[in-house]
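Here are my notebook entries from a session with this model. I started from a single residue and worked outwards.

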Amino acid sequence: MSYIQFQDQQGSATLRGVERFRLLSLVQDSTATLLRGQRPAKLVTRLHDLLPDDHELRFASAPRGRQTAPWLEAYSAAARSIFNDPLVSYRGHQLALMTMQLNTAMTVGTEPVRLAARLHGQCEINCWVDGPHRTWLADVVEGGLDDGSFRAGLGWESIADLLRQRDDQPVVTSFSDHFPTFWSVPTTQLGSPDTDDDELIHRWETLPAEERWHLALQELRVRTADAELEIRPDWASYRYGHTLSFHDLIAEDHQERFDRALGLPPVPNRSDRP
């Protein structure tokens, strides 16, 4: 995988691409650890019942007795598959697997694991930390190095240094490129609807660096209002997409949680149906 760039108006620091795999592993491990801590018989019944109808793990009989452990291993392997197929279907809604895993990491993970979830989920769309919170995020980075969540020598040290350099500017992430780029601002900031692409690119490239940063950051704050891209210390309640996690799935009131998150009316006289 390509690198993750952290940048403010004065400088930048790079997290090597090999550590992006580490971020994904930390997110997936949060789900695996949570599921391993549950009672196997009860857990596999619920996991099996919530599988999409066409999932290959449904082709075998519902796991019982000695079948429980191998079935759970197969489920865990499916949760780490590169195809990332949904493993949960609820009342006609197939729930994106990675979204559930990211939300699980945000729910049960340590602060470094939460950072892994935010970066893996949003570094490509410019998640960012504001100036007053830079020191807090540097503490999270260094905590991840101390507890072994992050690996030394791959860029985390320089990222922490960058974060601590000042507190009056945001630090923005990007994926395999510097921020900002031509695509960081709407074309209406550069010309009229009739202006051709070559001219728009030329206008962008001839803008002073300070103005490019200002326009891009202004647009990023607009996007943040919809996508919640800002990384803040109160992130324990942050959730992606449908907001559901495997922590919700194992809860006794999981049906109510799923109904509420998906905006579904309660099922009258519901039993233990999925």
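**Entry 1: Asn126 and its surroundings**

I looked up Asn126 to begin with and found it buried, at a relative accessible area of 12%. I use buried for under 20% relative accessible area, exposed for over 50% and partly exposed for in between, with a 1.4 Å probe and protein chains only. Before going on, I noted that this is a predicted model, in which local features need pLDDT of at least 70 and side-chain atom pairs count only at pLDDT 80 or more, while totals for chains, interfaces and linings use all residues. Residues are numbered from 1 along each chain as its sequence is written, and side-chain values use heavy atoms, with hydrogens and water left out.

Asn126 sits in the loop between helix H5 (111-122) and strand S5. My helices (H or I, at least four residues) and strands (E, at least two) are DSSP runs, numbered from the N terminus. I then listed what Asn126 touches, taking contact as heavy atoms within 4.5 Å. Outside its neighbours within four places in sequence, the list reads Val172, Thr173, Ser174, Phe179, Leu220, Arg223 and Leu229.

**Entry 2: Arg223**

Arg223 was on that list, so to speak, and I followed it up. Arg223 belongs to helix H9 (residues 209-227). Is Arg223 buried or partly exposed? Its relative accessibility is 28%, so I count Arg223 as partly exposed.

The side chains of Arg223 and Asn126 are joined by a polar contact of 3.1 Å. By polar contact I mean a pair of N or O atoms within 3.5 Å; within protein, one must be able to donate a hydrogen and the other to accept it, and residues adjacent in sequence count only if both atoms are side-chain atoms. Not counting residues up to four places away in sequence, Arg223 also touches Ile125, Glu228 and Leu229. I checked one distance too: Arg223 and Arg151 are 72 residues apart along the chain, with 31 Å between their C-alpha atoms.

**Entry 3: the sheet**

Val172, Thr173 and Ser174 in the contact list of Asn126 sent me to strand S6 (residues 171-175). Why do I call S6 largely enclosed by the rest of the structure? Because 4 of its 5 residues are buried.

Next I traced the pairing, where two strands pair if DSSP finds at least two bridges between them. The result is an open sheet of 4 strands in the order S2-S1-S6-S5, with antiparallel pairing. Its edge strands are S2 (12-15) and S5, each pairing on one side only.

- S6 with S5 (residues 128-129): 2 bridges, antiparallel. Trp128 partners Val172, and Val129 partners Val171.
- S6 with S1 (residues 4-7): 4 bridges, antiparallel. Phe6 has Thr173 as its bridge partner in S6.
- S1 with S2: 4 bridges, antiparallel. Phe6 stands opposite Ala13 in S2.

S1 and S2 are joined by a hairpin through 4 residues. Phe6 therefore caught my eye twice, with Thr173 as its bridge partner in S6 and Ala13 opposite in S2.In a regular strand the side chains alternate between the two faces of the sheet. On edge strand S2 I found a covered face, Ala13 and Leu15, and an uncovered one, Ser12 and Thr14.

**Entry 4: Leu57 and helix H2**

I then turned to Leu57, in the loop between helix H2 (40-49) and helix H3 (68-79). Leu57 is buried, with a relative accessible area of 11%. Leaving aside neighbours within four places in sequence, Leu57 contacts His48, Leu51, Trp71, Ala74, Tyr75 and Ala78. For a distance check I took Gln9, which is 48 residues from Leu57 in sequence and 50 Å away in space, C-alpha to C-alpha.

His48 is also one of the buried residues of H2, along with Leu43, Val44, Arg46 and Leu47. What do the buried residues of H2 pack against? I found helix H1 (18-36), H3, helix H10 (246-250) and helix H11 (254-262).

**Entry 5: the whole chain**

I closed with totals. The chain has 11 helices and 6 strands, and 49% of its 274 residues are buried. Its C-alpha atoms fill a box of roughly 65 × 50 × 30 Å, taken along the principal axes. Among contacts between residues at least 6 apart in sequence, 69% join residues at least 24 apart.
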